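Here is a short tour of one protein model, written for someone who likes to check contacts and distances for themselves. Have your viewer open and follow along.

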Amino acid sequence: MELKDIIEEQRQFSARHGWHWKVENMENMMKRLEYGTIAMTGEVGEFANVLKKVIRDKEANIPIEEEKFAHLREELTDIFIYVILMSVTLGMNLENDWKAKKSKNEERFKRYEVEGK
Ligand SMILES: [Mg+2]
């Protein structure tokens, strides 16, 4: 499944539940981005809370249960969903925007490159 298909499927899922991320006017766009930012920040907090428990267990030499890593993966996926939805609101082509940003970073971090020298 390609990224564009994942984005479209997530957009359709949200729309079916009455959450429309593709908006036509500036006021609705601002509301969606505000809600998306709050929701995504909540998911980042959930990820951080699980990670806190992983670190706490590790520091106490308690074996880290696989279910904690499964929980981390799930929370990171929740973050990804809000990235997708806000990219819909902003009318992005996430693949192209990622490529453009990667090119910028290639140049920006050139002096830190350690492989291929
Ligand atoms: Mg979550």
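The report below goes through the metal site, the nonpolar core, the aromatic rings and the salt bridges in turn. Please keep in mind that this is a predicted model.

**The metal site**

A good place to begin is the magnesium ion. Its donors are Glu43 (OE), Glu46 (OE), Glu75 (OE) and Asp78 (OD), and they coordinate the ion at 2.1 to 2.2 Å. Read along the chain, these donors follow the spacing E-x2-E-x28-E-x2-D. Glutamate 46 belongs to helix 2 (residues 26-59) and glutamate 75 to helix 3 (residues 66-89), so this pair ties together parts that are 29 residues apart in sequence.

Are these two glutamates buried or exposed? Glutamate 46 has a relative accessibility of 37%, so it counts as partly exposed. Glutamate 75, with a relative accessible area of 5%, is buried.

**The nonpolar core and its surroundings**

Next comes the largest nonpolar core, which has 10 residues: Ile7, Trp21, Leu33, Ala39, Tyr82, Ile84, Leu85, Met86, Val88 and Leu94. Helix 2 and helix 3 are the elements that give two or more residues to this core. Of the elements, helix 3 gives the most, with 5 residues. As general background, nonpolar side chains in soluble globular proteins tend to be buried together.

Leucine 85 is a handy core residue to select in the viewer. Leaving aside neighbours within four places in sequence, leucine 85 is in contact with Gln10, Arg11, Ser14 and Trp21. Two of these partners can be looked at from their own side.

Glutamine 10 is placed in helix 1 (residues 3-16). Its relative accessibility is 16%, so glutamine 10 counts as buried. Not counting residues up to four places away in sequence, glutamine 10 touches Ile81, Ile84 and Leu85.

Serine 14 also lies in helix 1. With a relative accessible area of 2%, serine 14 is buried. Again without residues up to four places away in sequence, serine 14 touches Trp19, Trp21 and Leu85.

For contrast, turn to isoleucine 38 in helix 2. At 59% relative accessibility, isoleucine 38 counts as exposed. If you want a distance to check, isoleucine 38 and alanine 100 are 62 residues apart in sequence, and their C-alpha atoms are 26 Å apart in space.

**Aromatic rings**

How many aromatic pairs does a search of the whole structure find? The search finds 3 aromatic pairs. In one of them, phenylalanine 109 and tyrosine 112 have ring centres 6.3 Å apart and planes at 45 degrees, so the pair is tilted. Phenylalanine 109 is partly exposed at 39% relative accessibility, and tyrosine 112 is exposed at 52%.

Elsewhere, ring pairs link Trp21, Tyr35 and Tyr82 into a cluster. Two members of that cluster, Trp21 and Tyr82, are also listed in the largest nonpolar core. Tryptophan 21 has a charged partner too: the charged end of arginine 32 sits over the ring of tryptophan 21, 4.7 Å from its centre.

**Salt bridges**

The count of salt bridges comes to 8. The table shows some of them, with the distance between nitrogen and oxygen.

| Basic residue | Acidic residue | N to O distance |
|---|---|---|
| Lysine 68 | Aspartate 57 | 3.0 Å |
| Arginine 73 | Glutamate 66 | 2.6 Å |
| Lysine 110 | Glutamate 107 | 3.4 Å |

Why does the bridge between aspartate 57 and lysine 68 tie together separate parts of the chain? Aspartate 57 lies in helix 2 and lysine 68 in helix 3, so the pair joins parts that are 11 residues apart in sequence. Both aspartate 57 and lysine 68 are buried. These two residues also belong to a network of salt bridges that links Asp57, Glu65 and Lys68.

The other two table entries include residues with more open surroundings by the accessibility values. Glutamate 66, the partner of arginine 73, is partly exposed at 48% relative accessibility. In the remaining bridge, lysine 110 is partly exposed, with a relative accessible area of 47%, while glutamate 107 counts as exposed at 52%.

Methods: Residues numbered from 1 in each chain as written. Predicted model: local features only at pLDDT ≥ 70, side-chain atom pairs only at ≥ 80, totals over all residues. Heavy atoms only, no water. Phe/Tyr/Trp six-rings, centres within 6.5 Å; stacked < 30°, edge-to-face > 60°. Buried < 20%, exposed > 50% of the residue type's maximum accessible area, 1.4 Å probe, protein only. Lys NZ or Arg CZ within 6 Å of the ring centre and 35° of its normal. Donors = N, O, S within 2.8 Å, 3.2 Å for Na, K, Ca; no water. Helix = DSSP H or I, 4+ residues; strand = E, 2+ residues; numbered from the N terminus. Contact = heavy atoms within 4.5 Å. Core = buried A, V, L, I, M, F, W, Y, C linked by side-chain atoms within 4.5 Å. Salt bridge = Lys/Arg side-chain N within 4 Å of Asp/Glu carboxyl O.
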